[in-house]
Structures are given as C-alpha cells and as structure tokens.
Amino acid sequence: MAQPSSSDLGAWRESVMRFRDLVQEGDLHGLLFQHLDLCTRRAWLHLHRIDYAHLEERMRKGSVGHDLHKARDRSVEGLMGLAPDRINWEKAEVIEVKGSVGARSAVSSQTRFYALLLMAATGRKWTAANEITGGRKHLPVLIDRADIDAMNDMAERLVTLAGEPVAPPAGRKPICGSCSYRMLCGY
Ligand code: SF4
C-alpha cells in the first residue's frame, strides 16, 4: 500500500485544519456532534453538563452495557484525547460501534469527528464507518467536502452554544419520547 504524504489532504486540508482548531479551542468531543445532530437543546444540556444519567435506570443499564459490549480494542491505545471504538490502521478507517442502526445521521456525525481529527493529525485522508455490535453490520460513513464544511458549521454552533446562558427552545420531535434529557427538557 502506498504511504501517504502530507499533501494527501489536498483541497480538504484548510477545512480539516479549521475543524481541528475549532475543536481544540472549544474543547469539543465527538458525542457533542451526535447530540447536536439530534437536537440543539440536547446539545446545550450536554455542553453545560446537565444530565441525570446516574438517576435513571435505563441510562445506567445502557452505560454498563456500553462498557461490557463495546470495550475498545487495542487499536486505539495511545490516541491521546480521541476515543473511537476501533481503528483499522491498515485501511485508515475509524469505526464507531453502536447497538442498533438508529439515529444513523447523528452517529455518523460522531464518527466523522474522529475521522477529521485523524486526518488533521496524520495529513492523510481517512474513511469512517459505523458498526453494529458484534460486527453484524458495517455501514460506511460518507465524508466529502460538503460533510467537512457541515462539521465546521456544527463546531461553530457548539462553541456558540457553550457560551449561551439559557437553553435554546426546541420543538417537539419524534426522539423526544426516548431522549435521555427529556425529564430536564420539559418536552
Ligand atoms: S426531549 Fe426533545 S427537545 Fe428536549 S432535549 Fe430531548 S430531543 Fe431535545
């Protein structure tokens, strides 16, 4: 396999580096992008560390299940500050593992987050995929120039939200009934 060079990012380079800078300056992490994709109000609650995960049985079980079934493998050891579930170094592919195919767009935003930071760190293009627990499905996550621009827009939005003292309003949506923030949200 040909070794990548620092110019592998080509026309993506500026946008990828901008994303890295926004993430560093805003101290953003991957899960925030998943929340924002689902709901701006939910992202604000997470940004301001307002949750009740320790009080709700379903969320506690989910957290334990995550630890038991999604244990990160050795491929991601040494990745300071990044916590994807798995990396295929040979293929330059980052993989996020989920229990179901639900919220695919939101999960893909989190996976793209890892891929873009790996691009910034290595100077080469990475691919991304979501995997259903147990390797039952391998779902490629598209990354093109428009996706990178969209991630930059999301990073800017998250930085703005972090500075807002009041949660933004949000209309009721299908996920509200199962949202882990619903008891705090009021919807
Ligand atoms: S309950 Fe609905 S509106 Fe409230 S944070 Fe969750 S998804 Fe957003």
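What percentage of the 187 residues of the chain counts as buried? The figure is 29%. The model is predicted.

**Fold outline**

The chain holds seven helices and four strands. Read from the N terminus, the order is α-α-α-α-β-β-α-β-β-α-α. Take the contacts in the chain with a separation of 6 or more: 67% of them join residues 24 or more positions apart.

**Nonpolar core**

The largest nonpolar core contains 38 residues. Within this core, Ala43, Val94, Ala115, Leu116, Ala128 and Leu158 have the most contacts. At least two core residues come from each of helix 1, helix 2, helix 3, strand 2, helix 5, strand 3 and helix 6. Helix 5 contributes the most, seven residues. In soluble globular proteins, nonpolar side chains tend to be buried together.

Ala128 shows the contacts in detail. Neighbours within four places in sequence are left aside here. Ala128 then touches Glu93, Val94, Thr111, Arg112, Tyr114, Ala115, Val141 and Ile143. Two of the core residues with the most contacts, Val94 and Ala115, are thus in contact with Ala128.

**Helix 6**

Helix 6 covers residues 145-162, 18 residues in total. At 1.5 Å a residue it should span 26 Å, and its end C-alpha atoms are 26 Å apart, so expectation and model agree.

Which residues of helix 6 are buried? They are Ile148, Met151, Met154, Ala155, Leu158 and Leu161. Seen down the helix axis, these residues fall within an arc of 135°, so they line one face. The face turned away from that buried side carries exposed Arg145, Ala146, Asp153 and Thr160. Leu158, buried here, is also among the core residues with the most contacts.

The buried residues of helix 6 pack against four helices, tabulated below.

| Packing partner of helix 6 | Residues |
|---|---|
| Helix 1 | 13-26 |
| Helix 2 | 30-38 |
| Helix 3 | 40-47 |
| Helix 5 | 104-122 |

**Ligand shell**

The ligand has 13 residues around it. Cys39, Arg42, Cys176, Cys179 and Cys185 come nearest. Two elements give two or more residues to this shell: helix 3 (40-47) and helix 7 (182-185). By class, the shell has nine nonpolar residues, four charged and no polar ones.

Helix 3 links these parts of the picture. Helix 3 gives residues to the ligand shell, supplies at least two residues of the core, and packs against the buried residues of helix 6.

Note on methods. Residues are numbered from 1 along each chain as its sequence is written. This is a predicted model: local features need pLDDT of at least 70, side-chain atom pairs count only at pLDDT 80 or more; totals for chains, interfaces and linings use all residues. A residue is near a molecule or strand if its C-beta atom, placed from the backbone, lies within 6 Å of it. Ala, Val, Leu, Ile, Met, Phe, Trp, Tyr, Cys and Pro count as nonpolar, Asp, Glu, Lys and Arg as charged, and the others, Gly among them, as polar. The expected span of a helix is 1.5 Å times one less than its number of residues. A residue is buried if 20 or more other C-beta atoms lie within 10 Å of its own, exposed if 12 or fewer, and partly exposed in between; C-beta atoms are placed from the backbone. The arc is that of the directions from the helix axis to the C-beta atoms. Two residues are in contact if their C-beta atoms, placed from the backbone, lie within 7 Å. A nonpolar core is a set of buried Ala, Val, Leu, Ile, Met, Phe, Trp, Tyr and Cys residues joined through C-beta atoms within 7 Å.
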